[in-house]
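User: Can you walk me through some charged pairs and surface features here?
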Amino acid sequence: MIGSVAGASRASRIAFLVPLLCLFLAGCGVNSIPTYEEQAKAKWSEVLNQYQRRADLIPNLVETVKGFAKQESSVFEAVTVARAQASAIQVNASTITDPEAFKKFQAAQGQLSGALGRLLAVSESYPDLKSNQNFLALQSQLEGTENRISVARRDYIEAVRLYNTELTTFPGRIWASILYSSKKPMEEFTVSEEAKRLPQVKF
Amino acid sequence: MPRRAILCVIAWICLTCAVAAEVPSFPALTGRVVDEAGLLTATDRAALTESLAAFETKTKDQLVIVTVKSLQGTPIEDYGYQLGRHWQIGQKDKNTGALLIVATTEHRVRIEVGYGLEGTLTDALTKVIIENSILPKFKTGDFAGGIKSGTQDIIRVLSGDAETIQSAAERNVAMDVKQTKTDMPVWVAIVAVLAVVGLLVLCTVTGGGGVCQAIWMMVLLLLSGGRGSSRGSSFGGGGGSFGGGGSSGKW
């Protein structure tokens, strides 16, 4: 009789220890690494999305500027080549954990930013172009897209910071070694020299 | 006793891990018109608030006007989206909010557009509004006039013709339906509460000791940890987010 009461008590203890353990594990961050990883991946998609949006704007912009400034062919050439190179790079979710691929992607986009900067700088010297409604609309769209890219990049950097910190600090580090040993830290953007350099205006 | 203490400590550590986010100091969201820089008269504010409220009733899009003295060294593009996110203007998950920001020290104006409105209030349109309706008046010192005509234009773009209203309404309705579907069913919450209560009763009856106390601790911590969001004013952001849409101008 006493034994069966003790047995029932043990069973009921196990019955609530299991859910309790689950709660503890969740509270201690067993899910944090996958959660942060998914968030960072989502932010990465947004970055790609905005870069794509910029690439989509370029042909129209180039055509419009060409209509007013045919002689600036070297600038058009540079933009077109840079756009083609940026589009040619294969980007997917694994790019963010591959330092080489990430660097390539960033360099190509930086190249395109520089070429676009020169295109807009050249446009400054054509008054007819500057007052063209189509050009103004495209210019504001490009500005807006560049701004979205910078917001998306910042959101991505923040998400990666959370994820990388979780991977390398307690208690995430323990979970990483037990359950998520294949997870690698993600790459962050650096401000490229190409993007920082102001377009040169030649006289 | 030591085991009980350890359990309590673990429960406390696990449940109080809060992420503190740094934000620049933003003005408080005191209404639909936040006039920190004092560019508007009380009559202007009242009239603008009324038209913004009517606009939200019609389309469910939130539009807020904010004037600040200084951007505290932040570019207006960065300030704008961060302020929009901070105030959470626009409906949650639909992000149908927009801000008209005026910074007097920096002579900058910006229309910040939430994710959900980017398709309607495009960058090009915001640029046109800023260049044609706002800046000419700002340049002559008529801030109230510029803000009023800019606001009118934004409202006209977002709801001017029947087609736009229709598409805005459809967008909001369609997303409303989707939202209710993804909401957690009530029965899940009920089952969860019953399970916790059952556990507590069970462990009290069987004399759970330390484990029982730990559960009580967790329940109490969870209850106390619920973040209440109380606002002084009757107007608040709906939970919308911003991603850098819109455009800026300088006078």
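Analyst: Sure, we'll go through salt bridges, then a surface patch.
Analyst: This is a predicted model, where local features need pLDDT of at least 70, side-chain atom pairs count only at pLDDT 80 or more, and totals for chains, interfaces and linings use all residues. Residues are numbered from 1 along each chain as its sequence is written, chains are lettered from A and ligands numbered from 1 in the order in which they are written, and side-chain values use heavy atoms, leaving out hydrogens and water.
User: How many salt bridges are there over all chains?
Analyst: The whole structure has 17, counting a side-chain nitrogen of Lys or Arg within 4 Å of a carboxyl oxygen of Asp or Glu.
User: What does B:Lys127 pair with in chain A?
Analyst: A:Glu143, with the closest N and O atoms 3.8 Å apart. B:Lys127 sits in helix 4 (residues 123–139) of chain B and A:Glu143 in helix 6 (residues 133–168) of chain A, so this pair joins two chains. Helices here are DSSP runs (H or I, at least four residues), numbered from the N terminus.
User: Is B:Lys127 buried or exposed?
Analyst: Buried, at 19% relative accessible area; the cut-offs are under 20% for buried, over 50% for exposed and partly exposed in between (1.4 Å probe, protein chains only).
User: And which partner does B:Lys127 have at 3.9 Å?
Analyst: B:Glu131, four residues away in helix 4 of chain B, about one turn of the helix. B:Glu131 is partly exposed at 36%.
User: Switching chains, where do A:Lys41 and A:Glu37 lie?
Analyst: Both are in helix 2 (residues 32–68) of chain A, and their salt bridge has its closest N and O atoms 3.8 Å apart.
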